[in-house]
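Student: Could you take a close look at one part of this protein with me? I would like to hear about its aromatic rings, and then about whatever else helps to fill in the picture.

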Amino acid sequence: MKVNLTKYLLLVTGALFFIATGFLDKDSVEQVPKFTQSKHDLSDNSCVSCHKGLEAIRDVHSGMMQAILEVADEAGIKGNDCVVCHGGNPKSFSEKESHKGTVAYFKNNPGPKNFYPDPGSPWINKNTCGTCHEEQVKTQFTSLMFTEAGKIQGSLWGFGGLNGYKHDVGNFNVTSNKLHETLGTEKYSAYMQEIEAEEGQVFPKTMVELPPAPTADEVELNPQLAVYTYLRQECQRCHTGSKGREKRGDYRGMGCSSCHIPYSNEGYYEGGDSLLQGKKGKPLVHSIQSTRECKVEVHGKKYSGIPVETCTTCHDRGKRIGTSYQGLMETAYGSPFMGDGGKQEKLHTKNYLHLHADIHLDKGMLCQDCHTSLDVHSDGRLAGTTLAPVEIECQDCHGTPQKYPWELPLGYGDEVASEVPATGEERGVAKEKLEHTKQGTNYHPQDGFLLSARGNPIENAVRKGNEVILHTAGGKDLELKPLKKIYEDGELSEEGEIAMVNVSKHIDQLECYSCHADWAPQCYGCHIKIDYSTGEQHPDWLAMSKDHDSSGLTAEARGEYEKHLIDGKVTEQRSYLRWENPPLVINGEHRVSPAIPGCQTTVTVIGKNGNALLSNHIFKIPNVEGADTSGQLAIDISPVQPHTTSKKSRACESCHTNPQSMGYGIDGGTTFANPSQAYVVDLTSPDGAILSDSHKVQINAIPNLEVDWSRFVDENGVQKQTVGHHFSGSRPLNNEERANLDRRGVCASCHQSLPEENLAVSLLYHMKEVSGKKYDKDEHNSLIYKILNVSAWVQALAILGVFIFMTLIIRKLRQKLSK
């Protein structure tokens with residue numbers, strides 16, 4: 001009897017889990033096909049006659065492997081699971097013949113149509129992964145990891161806003177997939193339609209391919225075109241349609257294999273296949289990494305889930321959320337020295353400091369433990385920036401001190417379409433998973449799956465009473481108390497109660513990570529040079545990924561870099577790096593958020609004859625972000641979720657007495673000299689005149705920049721650079737918000753009159769001096785609290801006394817008038 005493969009996988013994987021955990025009764029078990037041991041003879045696999053010792057892609061007893069072997073049996077290649085994914089000719093024992101063609105059975109049936117070295121390649125995976133995982137494969141082309149539309153829009157913005165706020169340029173021509181109507185709950189679909197209507201520029205219906213790179217001659221006529229050289233040579237290599245560059249930390253597969261096949265940072269194969277051992281640019285082992293029950297074994301060590309460093313292969317630039325999550329902060333230095341005396345070896349082409357990692361990483365959580373399947377694979381909608389597809393919020397698991405997660409309304413914390421906190425009926429919990437995700441790990445719902453802010457079940461987070469169990473892909477079952485239970489049990493810290501209960505607008509108006517992000521990578525000043533004078537040519541990553549053959553391999557995967565070279569050489573520098581006390585802005589969800597430099601682009605373009613067509617040039621964009629026709633500087637401060645969460649929050653003073661937090665810049669923007677003026681260092685006269693005729697400029701001018709990079713708004717509310725150019729809600733804090741935040745000078749409000757000018761205060765001050773008592777911080781705080789209470793009572797009693805006095809006067813007047 002033939003079994004539909006998708007249904008078969010769904011039944012088997014779900015049944016095996018529930019049998020193992022005892023959640024299916026006997027009658028249910030009997031209705032589901034099951035394998036306690038392999039019924040297939042793997043000795044018929046001709047591929048392993050050469051690839052001796054090669055790991056099985058999945059445990060032979062797993063439901064997935066058994067389903068693959070069923071297909072192999074039906075194809076007439078009994079026991080050969082390799083061909084079901086890789087294709088090829090299993091009847092041949094020569095490499096040349098076995099690595100071409102495919103089994104006749106697959107010509108008119110789902111399956112390989114050629115030999116596929118990487119079955120996950122998006123250019124052919126409809127014939128491999130897609131035969132079982134149809135939804136994920138059909139939506140892959142609308143995924144932000146495929147289009148990289150946000151990165152493109154950001155770069156075009158920095159070169160003068162060439163496409164404005166629109167996000168309809170991607171790596172390839174793509175149309176929004178109608179399949180999204182079946183992905184996600186009805187409430188999710190309704191919610192997303194509301195957001196799409198509000199932020200149409202971020203949710204385009206179609207995307208057009210990024211224009212080609214210019215020639216050196218075309219750049220002479222219009223230096224702005226150099227942005228396409230920059231994007232194609234430097235930025236657009238991380239998308240899933242490409243294998244990417246082979247440098248330390250950047251090795252990976254394509255398409256599904258980008259995430260689901262393990263590659264080490266060094267890029268070596270370390271499995272049992274003697275043909276592959278020691279080869280670079282290969283998977284660490286020939287295994288799939290995905291869910292909890294999908295175990296991968298390396299040198300006797302087993303793990304499950306997708307390791308964080310797999311994600312960091314790409315997420316180490318831009319917002320740098322992958323490296324930040326691990327506590328890695330870029331540095332310009334190679335210290336400390338290594339054991340051989342050499343510098344620290346670069347990873348992702350950078351050196352790092354090791355700061356605090358995110359608390360979720362410390363707890364053993366992987367990226368996939370928060371980020372949902374629709375978030376990563378796409379729901380079929382085109383999304384132009386990272387905030388668009390991400391459906392989770394901190395409150396979805398942690399709630400607030402007043403409400404459990406299931407008591408919050410949908411949209412709470414994700415107010416993209418509203419400027420006020422979401423209200424409405426309780427979101428509750430879900431009893432069922434999304435249909436297409438049931439092929440993955442199925443956890444018992446207990447009292448129900450938690451719901452995301454957008455209305456989908458969070459399928460690894462369940463309610464159990466008034467607590468939450470978070471099942472990680474790595475095998476942990478983390479029990480957490482929501483904030484409301486912590487508060488009700490009297491376990492909320494004094495600082496937490498002050499910040500979240502006593503000052504409740506922190507909960508309703510701030511992102512949780514505004515306070516709980518330990519640090520954020522701030523790369524101030526992005527200096528880009530595109531040089532066409534050297535005659536050098538470098539690979540065009542997009543052109544190489546478009547050049548894919550029938551095997552699914554792209555040009556770079558075939559090593560054919562020379563076929564797609566374009567004019568110019570890209571070099572990047574920065575002004576300085578910081579990580580502490582990121583500034584605060586309003587993000588696309590209309591909440592206060594940390595921010596980092598998005599891309600503060602300063603452009604230098606050297607023409608083919610060696611002339612500087614642009615030199616340290618900052619473009620201006622007219623009529624945006626508070627600017628008139630003269631334009632706003634096209635350098636950007638971007639709202640960010642830093643992924644550096646800590647249980648301990650920022651100190652109140654780090655926001656309320658820090659001008660950087662308000663947007664005024666580091667030290668109020670006063671530390672740096674005017675960057676628009678060049679600076680010469682040489683012998684000078686007392687009045688500053690340069691004495692040597694052979695002097696050179698030490699620090700060149702940046703003509704359009706008259707303030708420090710970190711200053712993006714002045715004390716009058718005049719914007720100095722753009723603040724978020726994706727969602728319409730992004731902006732600096734307005735005058736009222738900054739006034740509410742600013743508590744600088746509070747100490748002087750008391751100490752300006754101590755010990756003189758006030759007889760009573762002077763008397764107390766001199767009594768303290770005579771007594772010799774010293775006040776530490778705690779005693780000082782206690783004294784302020786007492787003074788505040790006394791002052792409050794005096795004022796309250798005074799008001800009450802005035803009220804009583806006026807009441808008596810009015811009563812007497814009435815009595816007189818009545819006589």
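Tutor: Happy to; we will go through the aromatic rings, then a helix and the cysteines. Please keep in mind that this is a predicted model.

Let us begin with the rings. The structure contains 13 aromatic pairs. One of them joins Tyr-105 and Phe-106: the ring centres are 5.4 Å apart and the planes meet at 75 degrees, so this pair is edge-to-face, as planes over 60 degrees apart count that way. The two partners sit in unlike settings, in that Tyr-105 is partly exposed at 21% relative accessibility, whereas Phe-106 is buried at 1%. Elsewhere, ring pairs connect Trp-123, Phe-141, Phe-146 and Phe-172 into a cluster. A ring can also have a charge over it: Arg-591 lies over the face of Tyr-412, 5.0 Å from the ring centre.

Now for the helix. Helix α8 spans residues 149-158, and 9 of its 10 residues are buried, so the rest of the structure largely encloses it. Among those buried residues are Ile-152, Leu-156 and Trp-157. After α8 comes Gly-160, with a positive phi near 105 degrees.

Finally, the cysteines. The structure has 0 disulfides. Cys-599 is in none, and its nearest cysteine sulfur, that of Cys-526, is 4.0 Å away, while a disulfide needs the sulfurs within 2.5 Å. Cys-599 is partly exposed, at 23% relative accessible area. For Cys-655, the closest cysteine sulfur is in Cys-515, 5.8 Å away and too far for a bond. Cys-655 counts as buried because its relative accessibility is 9%, and the limit for buried is under 20%.

Definitions and conventions:
Residues are numbered from 1 along each chain as its sequence is written. This is a predicted model: local features need pLDDT of at least 70, side-chain atom pairs count only at pLDDT 80 or more; totals for chains, interfaces and linings use all residues. Side-chain values use heavy atoms; hydrogens and water are left out. Buried means under 20% relative accessible area, exposed over 50%, partly exposed in between (1.4 Å probe, protein chains only). Helices (H or I, at least four residues) and strands (E, at least two) are DSSP runs, numbered from the N terminus. Rings of Phe, Tyr and Trp (its six-membered ring) pair if their centres lie within 6.5 Å; planes under 30 degrees apart count as stacked, over 60 as edge-to-face and the rest as tilted. A charge sits over a ring if NZ of Lys or CZ of Arg is within 6 Å of the ring centre and within 35 degrees of the ring normal.
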